[in-house]
Amino acid sequence: MPPRNHKDWSKTPKIEYISSLIYSEQSVYEQEIQNIFSKVWIPMCHSSEMPNFGDFRTTQIALKNVVAVRFENNVIRAFLTDKVRRPSGNDLSIGYHSGVWTELPCEVRHGGMVWTTLDQDNPMTVDQWTAGAFDCIADAIDAEEMEVFHYHKAIIDTNYKLWHDTNSEFYHDFMHYFNRVSGFNDEYFARKNIPFDNGHVNVSSFTVNYEEYDGFEDRGELSFPNLPPNQWYMVDLFPGFNFNLRGSAYRSDSVTPLGPNKVLIEFRGYGLKKDTPEERQTRIKHHNSIWGPFGRNLHEDLIGVAGQGTTMRPGTEPRNILHGRHENGTIHDEVGMRHYYGEWSKWMQVDASANCQLAV
Ligand SMILES: [Fe+2]
């Protein structure tokens, strides 16, 4: 077959693809809020951000204000409320006792994350929802209590799904100079994308050669519990939460869609609660040198998705986005993308490739 240009691909892709309209249409965004974000379990914050009785932490899920509070006996509960405007604090008089809060299902699972859902009748537990996607890192993140040592957020003019995509497809890894230098070995290309029920995927580990990069050092000494030195696992959770364990530091990303072309992403970095001050300092350095706002990786992803967002703004020309590469589930196989958009299509009751004929 001769090489094909954009028009040829648009006409007859004949392989798996999705429509770019699902990244740009206001009606799609509104239906995602209603059909997906109002229904699924959301990892809203980490229990270490609210360590004491009466501590609270707020967020917004599907345009609703949600607060998580630590009560007696270290029980954390979540509520719908319009009464709390601060991101965090310690004050039970903010409205709970006036009875205006509506309680939501809440669980603390997978390394101390606080999970809640707006769906009072959610038929699943968190474990049923995550469906084994965390098994690969469970021994590392659940053996010891973790603590958030880093938080920052970014508001980017792009669709939230592009943040999922950048954590799921690995072509763009060639954009990361640090990864090219320290990671592109045989093990890297043999990594597997492993799909789980409910749209989740994890990416199996390989050994990162940190010392290949000038000024960086081996990270084996501070590996998380039960983790071989310098390993790197990723869990991509539907519909857009990412958990990333790079040996000595752990990171979580939470997305809050703000419109078809705007997303709030919250980044947290974690160490072990039992860290000595010196260990903690080293973990922070390891975390920030890769994932801090001035690190070797994270801002490159943000620039990437901002650029992709520019090409898919509302009103731009619709096109097909190909997810057709098959390589036995290895790192450049797009099985993770196909798995995610298959799940997305189920929740949205629309075929992601069908130019968005939404049932609205
Ligand atoms: Fe990346």
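Q: If helices (H or I, at least four residues) and strands (E, at least two) are taken as DSSP runs, numbered from the N terminus, in which loop does E334 lie?

A: This is a predicted model, and the assignments below are to be read with that in mind. In this model E334 belongs to the loop between β17 (320-322) and α10 (335-348). Along the sequence E334 is separated from N5 by 329 residues, while their C-alpha atoms are 21 Å apart in space.

Q: Is E334 buried or exposed?

A: Burial is decided by relative accessible area, with under 20% counting as buried and over 50% as exposed. E334 has a relative accessible area of 7%, and it is therefore classed as buried.

Q: Which residues coordinate the iron ion?

A: A metal site is read from its donor atoms, which are N, O and S atoms within 2.8 Å in a case such as this one. The iron ion is coordinated through NE2 of H172, NE2 of H176 and two OD contacts of D301, at 2.1 to 2.6 Å. Along the chain, these donors follow the spacing H-x3-H-x124-D. The two histidines of the site, H172 and H176, are both buried.

Q: What is the geometry at the site of the iron ion, given its four donor atoms?

A: For comparison, ideal angles at a metal are 109.5 degrees for four tetrahedral donors. Four donors count as tetrahedral if all angles lie between 85 and 135 degrees. Here the angles among the four donor atoms run from 54 to 134°, and the site of the iron ion is classed as irregular. Some caution is due in reading this, because water is not among the atoms and sites may look incomplete.

Q: How do β3 and β4 run, and how many bridges join them?

A: The pairing of strands is read from the bridges between them. β3 and β4 are antiparallel and are joined by six bridges, with I61 standing opposite K64 in β4. The two strands form a hairpin with two residues between them, and in that turn A62 has a positive phi of about 50°. This phi value is found at A62 although the residue is not a glycine. With a relative accessibility of 10%, A62 counts as buried.

Q: What does β4 form with β5, and how many residues lie between them?

A: β4 and β5 form a hairpin with five residues between them, where N73 in the turn has a positive phi of about 55°. Five bridges join β4 to strand β5 (residues 76-80) in the antiparallel sense, and V67 has F79 of β5 as its bridge partner. β4 itself is mostly covered, six of its seven residues being buried.

Q: Which residues of β14 are buried on its two faces?

A: A strand has two faces that can be considered separately. On one side of β14, F241, F243 and L245 are buried, and on the other side N242, N244 and R246 are buried as well, so that both faces are covered. This agrees with the count for strand β14 (residues 241-246), in which six of six residues are buried.

Q: Which strands pair with β14 in the antiparallel sense?

A: Strand β13 (residues 232-237) pairs with β14 over six bridges, in the antiparallel sense, and V235 has F243 of β14 as its bridge partner. The two are joined by a hairpin of three residues. P239 is placed in this loop between β13 and β14, and the peptide bond that leads from F238 to P239 is cis, with omega near 0°. β14 also runs antiparallel to β15, to which five bridges join it, and L245 stands opposite Y250 in β15. In the turn of the hairpin that β14 and β15 form, which has two residues between the strands, G247 has a positive phi of about 55°.

Q: What is the volume of the largest pocket, and which residues are the closest to its centre?

A: A pocket is described by its volume and by the residues that line it. The largest pocket has a volume of about 390 Å³. It is lined by 16 residues, among which T58, T59, Q60, P87 and K153 are the closest to the centre. Elements that contribute two or more residues to this lining include β4 (64-70) and β15 (249-259), while β3 gives the most, with four residues. By class, the lining of the largest pocket has six nonpolar, five polar and five charged residues.

Q: How many residues line the second largest pocket?

A: The second largest pocket, with about 280 Å³ of space, is lined by 17 residues, and those nearest its centre are S47, S48, R70, E145 and M146. Its lining divides into five nonpolar, six polar and six charged residues.

Definitions and conventions: Residues are numbered from 1 along each chain as its sequence is written. This is a predicted model: local features need pLDDT of at least 70, side-chain atom pairs count only at pLDDT 80 or more; totals for chains, interfaces and linings use all residues. Side-chain values use heavy atoms; hydrogens and water are left out. Donors are N, O and S atoms within 2.8 Å of the metal (3.2 Å for Na, K and Ca); water is not among the atoms, so sites may look incomplete. Four donors count as tetrahedral if all angles lie between 85 and 135 degrees; four count as square planar and six as octahedral if opposite donors are over 155 degrees apart and all others between 65 and 115; anything else is irregular. Buried means under 20% relative accessible area, exposed over 50%, partly exposed in between (1.4 Å probe, protein chains only). On a 1 Å grid over the protein atoms alone, a cavity is a set of points where a 1.4 Å probe fits but cannot get out, and a pocket is an open set with protein on both sides within 12 Å along at least five of seven lines; lining residues have an atom within 4 Å of a point. Grid points are joined across faces, edges and corners, and a volume is the space filled by probe spheres set on the points. Ala, Val, Leu, Ile, Met, Phe, Trp, Tyr, Cys and Pro count as nonpolar, Asp, Glu, Lys and Arg as charged, and the others, Gly among them, as polar. Two strands pair if DSSP finds at least two bridges between them.
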